[in-house]
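Here are my notes on the sheet in this model. Please read them with the structure open.

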Amino acid sequence: MKRLKGIVLSTTVGLIVSGSGAIAGQPTLINAGIGIATIGAMLSKHNELLGEVNTLTTALGELQLATVQNHGKVNQQIGKLTLNINEQSQKLEKQTIELRTHSTRQRSVLSNLDKIQHKQKRLDLTLANHEKQLLSFKTQPSLPPMRKKETVVAITSSQGSIPVKRVYIDGNNLKYAAEALDIQIDFKSLKIAIAELGSQTDHQLDFNYYIGSSPHKNYGQERSLKRLDQLGYNVTALPVIVQENKTMKTVGDDIAIATDMMKNVKKGDEVILVSGDGDFLPVVQAIQQRGAKVILVSKKGMVNSQLRQECNEFIALEDLAIAQLTKLRIA
């Protein structure tokens with residue numbers, strides 16, 4: 001406001017001085033008045049320019065402030081996007097590793113399946129040969145069929161020189177081992193695999209399977225027992241009781257196995273015991289004193305150490321190709 005008053009005053013004074021010079025006929029005053037008026041006009045123009053500069057400066061400041069604010073928002077958005085990209089990249093990397101691991105497992109399983117299928121064909125051929133041998137024994141007049149235990153006893157008593165490969169399978173122990181291995185037993189393959197253990201000289205085969213069976217069998221139990229009988233197993237079904245903790249317990253299975261071993265095993269026989277129960281240690285020692293060889297078959301980690309040491313040979317159950325191919329669980 002002061003600057004504006006000064007400009008007006010300067011212009012007014014210049015005009016007065018110039019007018020006075022004109023009246024007095026003094027050129028000097030006229031020129032001085034014109035100069036003062038000109039200065040006033042120039043000051044007026046300067047003031048306008050200064051106002052424009054101030055306006056522009058203010059606008060520039062506002063623009064700079066808006067730019068800084070927008071820049072902060074943009075940086076914040078960029079930070080969020082960068083964080084999301086990093087998280088998604090980590091997830092993608094993790095999924096890639098899982099995919100590679102799954103692919104490797106899948107290839108390993110398929111490779112194992114191919115090996116098992118090949119071994120299954122070879123075992124089927126071996127079983128067919130064993131069945132031919134059994135059929136030849138059955139057709140000989142002096143050798144009655146050996147499906148029943150009492151028949152085997154009659155054979156060995158009348159022809160003591162014929163060795164017998166006697167297999168005693170603790171069904172409950174085998175069931176728990178199969179669950180630990182995450183497989184379902186193929187009993188045809190089991191019979192083939194066990195028949196190939198031990199000596200490969202001519203032996204009669206005597207397969208004995210001991211399992212708990214409730215009085216009221218369901219369809220699955222009936223089918224399993226029938227299947228075992230069809231495959232040539234001598235099945236001993238033992239009673240089952242329900243314990244206080246609601247679990248099922250087979251009564252007398254160890255005693256039944258030990259009794260049959262003591263009754264039937266003789267010198268020259270080969271005994272294959274499928275169990276890891278240490279309760280069989282005394283009976284194993286007794287039949288060894290008779291001159292019988294004992295092979296123990298059990299899952300590693302589920303076998304009594306003293307029983308394993310006492311037997312003539314130990315075979316790990318997981319080393320036998322006995323799993324049903326259709327029941328393998330692929331990870």
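1. Strand 6 and strand 7 are joined by five bridges, and the pairing is parallel. In this predicted model, Glu270 faces Lys293 of strand 7. The connection from strand 6 to strand 7 runs through helix 8 (residues 281-289). This β-α-β crossover is right-handed.

2. Strand 1 is also paired with strand 6. The two run parallel and share five bridges. Arg166 lies opposite Val271 of strand 6.

3. How buried is strand 6? Five of its five residues are buried, so strand 6 is largely enclosed by the rest of the structure. Side chains in a regular strand alternate between the two faces of the sheet. Here both faces are covered. Glu270, Ile272 and Val274 are buried on one side, and Val271 and Leu273 are buried on the other.

4. Now the whole sheet. It is open, with six parallel strands in the order 3-2-1-6-7-8. Strand 3 (234-238) and strand 8 (313-316) are the edges. Each has a single partner strand, so one side of each lacks a neighbour in the sheet. From one strand to the next, the twist averages 15°.

5. At the strand 8 edge, the partner is strand 7 (residues 293-298). Four bridges link this parallel pair. Ser298 stands opposite Ala316 of strand 8.

6. Helix 7 (residues 253-264) packs on the sheet. The helix touches strand 1 (164-170), strand 2 (204-212), strand 3 and strand 6 (270-274). The direction of helix 7 makes about 170° with that of strand 1.

How values were computed: Residues numbered from 1 in each chain as written. Predicted model: local features only at pLDDT ≥ 70, side-chain atom pairs only at ≥ 80, totals over all residues. Heavy atoms only, no water. Pairing = 2+ DSSP bridges. Axes fitted to C-alpha atoms, helices over the stretch in contact; angles between N-to-C directions. Contact = heavy atoms within 4.5 Å. Buried < 20%, exposed > 50% of the residue type's maximum accessible area, 1.4 Å probe, protein only. Right-handed = clockwise from strand over helix to strand, strands pointing away.
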